[in-house]
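Please open the structure in your viewer and keep the selection tool at hand. This tour goes from stop to stop, saying at each one what to select and what is to be found there.

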Amino acid sequence: MIRKPVVLITGAGGEIGHGLISRLATGGDRAVITLDVNRLEPTLARLVQREFVGSILDQALLERIMSEYEIDAVYHLAALLSTRAEFTPLTAHQVNVEGTLGLLEFAQREAESHGRPVVFLYPSSIAAYGLPSLDGKRRAGRVAEDAHNTPTTMYGCNKLYCEQLGRYYARFYKQLSATPQAGRVDFRCVRFPGLISAVTVPSGGTSDYAPEMIHAAAKGEAYACFVRPDTRIPFMAMPDGVEALLRLAAAPRERLTRTAYNVAAFNPSADEIRAEVLRAFPEATLTWKTDEKRQGIVDSWPEDVDDSAARRDWGFAPAFDFARAFHEYLIPTIRERYAR
Ligand code: AKB
C-alpha cells in the first residue's frame, strides 16, 4: 500500500491552528491532516484532507495515522496553557510533555520509515522564562533565549523541557548506538509572545487579558482586566505568528544555529492596550480588577525578548507593529466578525 505524503497538525482547532490550516491548505505543496480532541469548525474541516478526532496520548490512533500517511512535517500545537495548567498540573504534564515526547517518537519513526527527515515545528512560549522580581524584569529588558530559564509555572516548565527534548532528538538521539540516529527529527521551535487573533478568543492562558479586552469591547461587553495597568509583556498579531512558523519550517537547515528561537513584535503595557481599544470603541467599559496570582505569573515573564537570532538565521520580520496590528488587522477584522 502507498501511504500518502501529508503535513500533520495537532491541536489544529486551537488559535494558531485556525490561521495555519488556511495558509497551509491554500499555499502548501502537501495536503494537511489534523488531530484534535474536538471536531474542527466546518469551514476549517473543508480545507483538510482528513480530520482525526482524539487525543495525542492515544497510541493506537497515532499508529493508525502512521499506517496510512507518510508525514513530512508535524506542527505540534496541542497544549494546555499556563492558567489552566496551574489547576491541573499532572494533566498538563501528561498533555504538554508526554504528548510531545510521543509525537517526537512518532516523527522519528515516520522519518525512519520513509527515509527523509521530518520537520517538527513546536510553539514554545515566553512562559519558558522566569524573572526573579518585578525589578529584575525591568532591569533584564530584552531577554535572550538562554537567559532566565527558570519558569515558575507548570506550563513554562513543560515548554522549556520540550524545547530540550526536541534538541535531543535533533542532535543527540540514541548517541551511543552503532549507527547515527539523530537528526531524523528536524526540530524547530518558535518561542512565542502572547498571540492576539482577531478571529478566535483564547482560553486558559495568562496573556489572555489583551485579546479578551479587545474582543469584549467589540462585542459591547464590559471587561475588568486582571492585571495592573503597568503590566508589560511581548505580544504578536496572529498572522505574524503563523508566518513565523511557516518561515522557520521553510528555512534551509544549515542556516539554523539554534533549535529554539525568540520572536518579538511589540510590547505595550496593559494600559496602552486599553487606550488603543478605547480609541476604536469609545463606548467600551474597561476597568481594572487585579488578580494577584495571575499577575504574579505575568510579572515573571519578560517585558521584551531578543529575537536577533531569528532575524539573522531565517529572516524573521513581523509585518505588524503595535499600531498596524490594531489599525490594519485587529480592529477591522474584529468589527466585521461581530457585525455579522
Ligand atoms: C499563555 O498565556 O499561557 C500563552 C502563552 C504566553 O504561552 N498565551
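## First stop: a pair in one helix

Glu243 is partly exposed, its relative accessible area being 28%. Keep in mind, as you look around, that the model is a predicted one. Now add Arg247 to the selection, which at 36% relative accessibility is also counted as partly exposed. The two side chains form a salt bridge, in which the closest N and O atoms of Glu243 and Arg247 are 3.9 Å apart. Both residues belong to helix α9 (residues 238-250), and because they are 4 residues apart there, about one helical turn separates them.

## Other salt bridges

The structure as a whole contains 27 salt bridges. For another of them, select Glu68 and Arg50, whose side chains meet with an N to O distance of 2.8 Å. Glu68 is part of helix α3 (residues 59-68) while Arg50 is part of strand β3 (residues 50-53), so this pair ties together parts that lie 18 residues apart in sequence. Arg50 has a relative accessibility of 25% and therefore counts as partly exposed.

Next, select Arg311 and Asp307, which are joined by a salt bridge of 3.0 Å, taken from N to O. Which of these two partners is buried, and which is partly exposed? Asp307 counts as buried, at 2% relative accessibility, whereas Arg311 is partly exposed, with a relative accessible area of 39%. If you extend the selection to Arg142, Asp304 and Asp306, you will have the members of a network of salt bridges that also includes Asp307 and Arg311.

## The ligand and its surroundings

Now select the ligand, and then show the residues around it, which are Leu81, Ser82, Ser125, Tyr155, Gly205, Thr206, Ser207 and Trp301. In the side chain of Ser82, an N or O atom is 2.5 Å from an oxygen atom of the ligand, and for the side chain of Ser125 the corresponding distance to a ligand oxygen atom is 2.7 Å. With Thr206 the partner is a polar backbone atom, which is 2.6 Å from an oxygen atom of the ligand. On its own the ligand has 250 Å² of accessible area, and the protein covers 92% of this.

## Into the nonpolar core

In soluble globular proteins, nonpolar side chains tend to be buried together. To look at this in the model, select Tyr75, Tyr209 and Trp314, which touch the most other members of the largest nonpolar core, a set of 113 residues. Helix α5 (residues 89-114) contributes the most to this core, giving 8 residues. Then centre the view on Tyr75 and look for the residues it touches beyond four places away in sequence, among them Val7, Leu8, Ile9, Leu121, Leu245 and Ala249.

## Three places in loops

Select Gln181, which is located in the loop between α7 (154-171) and β7 (185-192). At 15% relative accessibility Gln181 counts as buried, because the limit for this class is under 20%. The side chain of Gln181 makes a polar contact of 3.2 Å with that of Thr179 and another, of 3.3 Å, with that of Arg184. When neighbours within four places in sequence are left aside, Gln181 is in contact with Gln108, Glu112, Tyr173 and Lys174.

From there, move to Lys174, which is likewise found in the loop between α7 and β7. Lys174 is partly exposed, with a relative accessible area of 47%. What is the sign of phi in Lys174? Phi is positive here, near 45°, in a residue other than glycine. Most residues other than glycine have a negative phi. A positive phi, near 50°, is also found in His148, which lies in the loop between β6 (142-143) and α7.

For the last stop, select Phe266, in the loop between β11 (260-262) and α10 (270-280). Phe266 has a relative accessibility of 7% and so counts as buried. Beyond its neighbours within four places in sequence, the contacts of Phe266 include Ile233, Pro234, Phe235, Phe320 and Ala325. Another of its contacts is Ala237, and although Phe266 and Ala237 are 29 residues apart along the chain, their C-alpha atoms are separated by 9.1 Å.

Notes:
Residues are numbered from 1 along each chain as its sequence is written. This is a predicted model: local features need pLDDT of at least 70, side-chain atom pairs count only at pLDDT 80 or more; totals for chains, interfaces and linings use all residues. Side-chain values use heavy atoms; hydrogens and water are left out. A nonpolar core is a set of buried Ala, Val, Leu, Ile, Met, Phe, Trp, Tyr and Cys residues joined through side-chain atoms within 4.5 Å. Buried means under 20% relative accessible area, exposed over 50%, partly exposed in between (1.4 Å probe, protein chains only). Helices (H or I, at least four residues) and strands (E, at least two) are DSSP runs, numbered from the N terminus. Contact means heavy atoms within 4.5 Å. A residue is near a molecule or strand if one of its heavy atoms lies within 4 Å of it. A polar contact is a pair of N or O atoms within 3.5 Å; within protein, one must be able to donate a hydrogen and the other to accept it, and residues adjacent in sequence count only if both atoms are side-chain atoms. Accessible areas come from the Shrake-Rupley method with a 1.4 Å probe; for residues, only the protein chains shown count as cover. A salt bridge is a side-chain nitrogen of Lys or Arg within 4 Å of a carboxyl oxygen of Asp or Glu.
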